[in-house]
Amino acid sequence: MKLVFMSQVDKASLWEKHLKAELPELEFSIWPEGTENPDEVDYVLAWKPPAGEIAKFKNLKAILSLGAGVDGIVCDPDLPKNVPISRLVDRCLTQGMAEYITYWVLHHHRRMGDYAASMADKNWINYLQADTEERNIGILGLGELGSDAARALTAFNFKVSGWSRSSKTRDGVTCFFGADGLKEIIAQSEILICLLPLTDETESILNTDLFAQMPENSVLINCARGAHLVDDDLITALDSGHLSAAVLDVFHVEPPNPNHPFWDHPKITMTPHMASLTVPSSAALYIADNIRRVERGELPLNLLDLDKGY
Ligand code: NDP
Ligand code: OXD
């Protein structure tokens, strides 16, 4: 069994250690090494592989994504169409995202930015404490990550709504779907979180039209992909005062150009695409399990639907 690891950001040595602990018979190569006999490669484990490289492996049994989002794989015009592609679904990844979202929702709900500013001025002041039961939180994307973030927020009694492509039910969450559902969730979301996959349908969804439908003083948290957001539209919405703040973990170009206006904008908080990082010790169990499934003649879990793009 031969696997080629293709990632500029994930730590190959850790992945090799944890995967070989699960699958001692696995031959682990780090691209571009180990690819001199491409026809012998069974699996690629990839994050943003260079276009055209995966197509060189003619006998692949599966393409295993190192991330939950597969936009960095499906953008390859030469991607083989007949090889199953599996998204990463992992306990640590899911929990990390719920932690990040809970942290920033609580930060804005409890006005921690205002407290930091007033304390820096030695100004001892208390703001009225809002009730979570009165605070509307909207989550775009009710999949693995959005559903768990919703669960974490309902534990604080926030009024949580979620939006998906198909109709859903989630305990304690008001669920919307489709174009009409988008209008409804946007109109009530004081804190709006984007956890959608990047597809043709969701690209640039966070734009002037959507911001205009959000309540006054609302907050945007984007931890999905940079291309969901129209950067200039966000700056306009923040500068007009319609949106009060934005938390951005993902960007069109990462890291953004040093001249990008986001860096210095007083209402924008940036984090370096770390809302949830893949943890090899945990995620390797899932990858190994998927390889075992394929070796048994089954399909891997969490198969990508190329028509939907996620
Ligand atoms: P899932 O595939 O499990 O969930 C995607 C959700 O989005 C589903 O509920 C789906 O609806 C919904 N959706 C997709 N397209 C549309 C549409 N056109 N209209 C309405 N809803 C839509 O993905 P995950 O939750 O695992 O991950 C979500 C994204 O989070 C990833 O694609 C990635 O971009 C991002 N991410 C970011 C990280 C970070 O550190 N910043 C870390 C990990 C992931 P339905 O259920 O009906 O199919
Ligand atoms: C992912 C990510 O998609 O880290 O997993 O962005």
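## Around ligand 2

In this predicted model, the shell around ligand 2 has two nonpolar, four polar and one charged residues (Ala, Val, Leu, Ile, Met, Phe, Trp, Tyr, Cys and Pro count as nonpolar, Asp, Glu, Lys and Arg as charged, and the others, Gly among them, as polar). Its members are Trp47, Gly67, Ala68, Gly69, Arg225, His273 and Ser276, each with a heavy atom within 4 Å of the ligand.

Polar contacts are pairs of N or O atoms within 3.5 Å. Backbone polar atoms of alanine 68 and glycine 69 lie 2.7 Å and 2.8 Å from an oxygen atom of ligand 2, while a polar side-chain atom of histidine 273 is 2.6 Å from an oxygen atom of the ligand. The protein covers 86% of the 210 Å² of accessible area that ligand 2 has on its own (Shrake-Rupley method, 1.4 Å probe).

## Salt bridges

There are 12 salt bridges, each a side-chain nitrogen of Lys or Arg within 4 Å of a carboxyl oxygen of Asp or Glu. Arginine 151 pairs with aspartate 148 at 2.8 Å; the two sit three residues apart in helix H5 (residues 144-154), so about one helical turn separates them.

Glutamate 201 and arginine 165 also meet, at 3.3 Å, N to O, although they are 36 residues apart and in different loops. Glutamate 201 is exposed at 61% relative accessible area, and arginine 165 is partly exposed at 43% (buried is under 20%, exposed over 50%, partly exposed in between, with a 1.4 Å probe and protein chains only).

## Reading the values

Local features need pLDDT of at least 70, and side-chain atom pairs count only at pLDDT 80 or more, whereas totals for chains, interfaces and linings use all residues. Residues are numbered from 1 along each chain, chains are lettered from A and ligands numbered from 1 in the order written, and side-chain values use heavy atoms, leaving out hydrogens and water.

Conventions. A polar contact is a pair of N or O atoms within 3.5 Å; within protein, one must be able to donate a hydrogen and the other to accept it, and residues adjacent in sequence count only if both atoms are side-chain atoms. Helices (H or I, at least four residues) and strands (E, at least two) are DSSP runs, numbered from the N terminus.
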